[in-house]
Amino acid sequence: MSAFPGEVSSTPSPDGKKVLLAAPRGYCAGVDRAVDAVEKALELYGAPVYVRKEIVHNRFVVETLSARGAIFVDETDEVPEGARVVFSAHGVSPAVHAAAATRSLQTIDATCPLVTKVHKEAVRFAADDYEILLIGHDGHEEVEGTYGEAPDHIQIVNGPEEVAALEVKNPDRLIWLSQTTLSVDETMETVNLLRERFPNLQDPPSDDICYATQNRQGAVKEMAPGSDVVIVVGSANSSNSVRLVEVALEYGARAAYRVDKADQVDLAWLEGARTVGLTSGASVPEILVRDVLQLLADQGYTEVQTITTAVENVAFSLPKNLRGDLKAAGRLEEAPRRARRQA
């Protein structure tokens with residue numbers, strides 16, 4: 001399976017201008033599953049289908065699904081009683097599930113399985129009376145969902161700057177977990193500082209930062225030193241997209257910018273630049289990257305060199321109840337959407 005769908009044309013540029021195109025980039029398996037869940041729900045049940053919060057943090061995806069009949073709401077009390085609602089890829093707390101049940105909502109839980117893993121870790125360690133230091137951004141939907149699993153046992157640590165002021169109940173019963181979409185480097189900086197203060201701090205049983213986040217950051221680390229400018233396609237509320245800009249600058253890019261789509265690229269950024277790095281966050285459809293590639297080609301960046309640092313073949317099945325309804329209707333496709341898109 002290729003690291004990304006389709007082929008990218010490349011023509012040598014007479015003045016040496018080129019694009020370094022990161023691979024992997026764009027949709028991860030969890031995002032693909034969540035978007036697919038909304039699309040399939042609309043096809044099977046018809047509009048409207050309600051979605052709590054943005055299904056993934058990408059403006060284009062939300063606008064596209066809205067045009068097809070998805071209605072995005074902030075909370076379950078905005079959903080008509082008995083209606084169908086999809087929970088986003090970022091996950092929700094038990095309180096949200098309970099609120100949905102009181103309104104007899106038909107729920108489709110599109111939480112990324114890797115986020116669900118962190119939720120289960122929080123429940124498990126809270127049950128064993130551990131205090132949990134959750135490294136993540138306070139207010140982010142994923143962090144809110146994880147925190148809600150065991151609020152009496154969790155402290156949120158936003159970053160290295162908060163470590164010195166932390167107070168814990170028992171430094172010998174302490175474990176850290178993390179938001180899945182953080183920068184690997186920043187997370188480990190926080191962990192190292194935590195371990196200096198609390199030597200008996202335990203690690204989670206497995207890495208919480210998701211494979212896709214690490215892979216996209218790895219590709220940027222590889223291409224940044226050779227890039228005059230790095231352009232990251234992704235929305236402002238996409239944590240992993242914002243981190244890619246930071247990683248590009250940290251690893252040697254002379255400049256780095258985030259855009260939602262091609263029409264936000266400022267051509268002034270390209271002045272004097274011979275090499276442009278290009279990537280996209282884990283919730284970005286490939287069409288938006290292709291639009292930026294076309295814009296760059298129009299500016300003379302016709303040579304495209306793919307920087308491949310990993311090949312992804314992860315796919316997650318649809319939520320169980322949606323899958324069952326699709327099967328009963330004879331509309332369940334065997335191949336995951338991600339595999340079909342890359343065929």
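Lys53 sits in the loop that runs between β2 and α2 (59–67). In this predicted model, the phi angle of Lys53 is positive, about 65°, although the residue is not a glycine. Lys53 counts as buried, because its relative accessibility is 18% and the cut-off for burial is under 20%. A second case is Asp129, whose phi is near 65°, again a positive value in a residue other than glycine. Asp129 belongs to the loop between α4 and β6. Its relative accessible area is 52%, so Asp129 is exposed, the threshold being over 50%. Such backbone settings stand out because most residues other than glycine have a negative phi, and most peptide bonds are trans.

The model also contains cis peptide bonds. One is the bond from Ala23 to Pro24, with omega near 5°. Pro24 is located in the loop between β1 (18–23) and α1. Another cis bond joins Ala47 and Pro48, with omega about 0°. Pro48 is placed in the loop between α1 and β2 (49–52).

Helix α1 lies between these two loops in sequence, at residues 29–45. How far apart are the end C-alpha atoms of helix α1? They are 24 Å apart. With 17 residues at 1.5 Å a residue, the helix should span 24 Å, so the two values agree. The expected span takes 1.5 Å times one less than the number of residues. Helix α1 is mostly covered, with 14 of its 17 residues buried. Just after α1 comes Gly46, which takes a positive phi of about 85°.

An open sheet of 3 strands follows the order β7-β6-β8, and its pairing is parallel. The edge strands are β7 (154–157) and β8 (174–178), each of which pairs on one side only. From one strand to the next, the twist averages 25°. Strand β6 (residues 131–135) runs parallel to β8, and 5 bridges join the two. Within this pairing, Leu134 stands opposite Leu177 of β8.

Two helices pack on this sheet. Helix α4 (residues 113–127) touches β6, β7 and β8. The direction of α4 makes about 165° with that of β8. Helix α6 (residues 184–197) likewise touches β6, β7 and β8. The direction of α6 makes about 150° with that of β6.

A further parallel pairing involves strand β9 (residues 229–233) and strand β10 (residues 256–259), over 4 bridges. Val232 has Arg258 in β10 as its bridge partner. Which helix does the chain pass through between β9 and β10? The chain crosses from β9 through α8 to β10. This β-α-β crossover is right-handed.

Helix α8 covers residues 239–250 and includes Ser239. Is Ser239 buried or exposed? Its relative accessible area is 7%, so Ser239 is buried. Leaving aside residues up to four places away in sequence, Ser239 touches His137, His140, Gln179 and Thr181.

The count of aromatic pairs comes to 2. Phe125 and Tyr130 form an edge-to-face pair, with 5.6 Å centre to centre and 85° between the planes. Phe125 is buried, with a relative accessible area of 6%. Tyr130 also counts as buried, at 11% relative accessibility. The rings of Tyr257 and Trp269 have centres 3.9 Å apart and planes at 0°, so this pair is stacked. The stacked category requires planes under 30 degrees apart. The pair links distant parts of the chain, 12 residues apart. Tyr257 is in strand β10, while Trp269 is in the loop between β10 and β11 (275–280). With a relative accessible area of 26%, Tyr257 is partly exposed.

Notes:
Residues are numbered from 1 along each chain as its sequence is written. This is a predicted model: local features need pLDDT of at least 70, side-chain atom pairs count only at pLDDT 80 or more; totals for chains, interfaces and linings use all residues. Side-chain values use heavy atoms; hydrogens and water are left out. Two strands pair if DSSP finds at least two bridges between them. Axes are lines fitted to C-alpha atoms, for helices over the stretch in contact, and angles run from 0 to 180 degrees between N-to-C directions. Contact means heavy atoms within 4.5 Å. Buried means under 20% relative accessible area, exposed over 50%, partly exposed in between (1.4 Å probe, protein chains only). A crossover is right-handed if, with the strands pointing away from the viewer, the path from the first strand over the helix to the second runs clockwise. Rings of Phe, Tyr and Trp (its six-membered ring) pair if their centres lie within 6.5 Å; planes under 30 degrees apart count as stacked, over 60 as edge-to-face and the rest as tilted.
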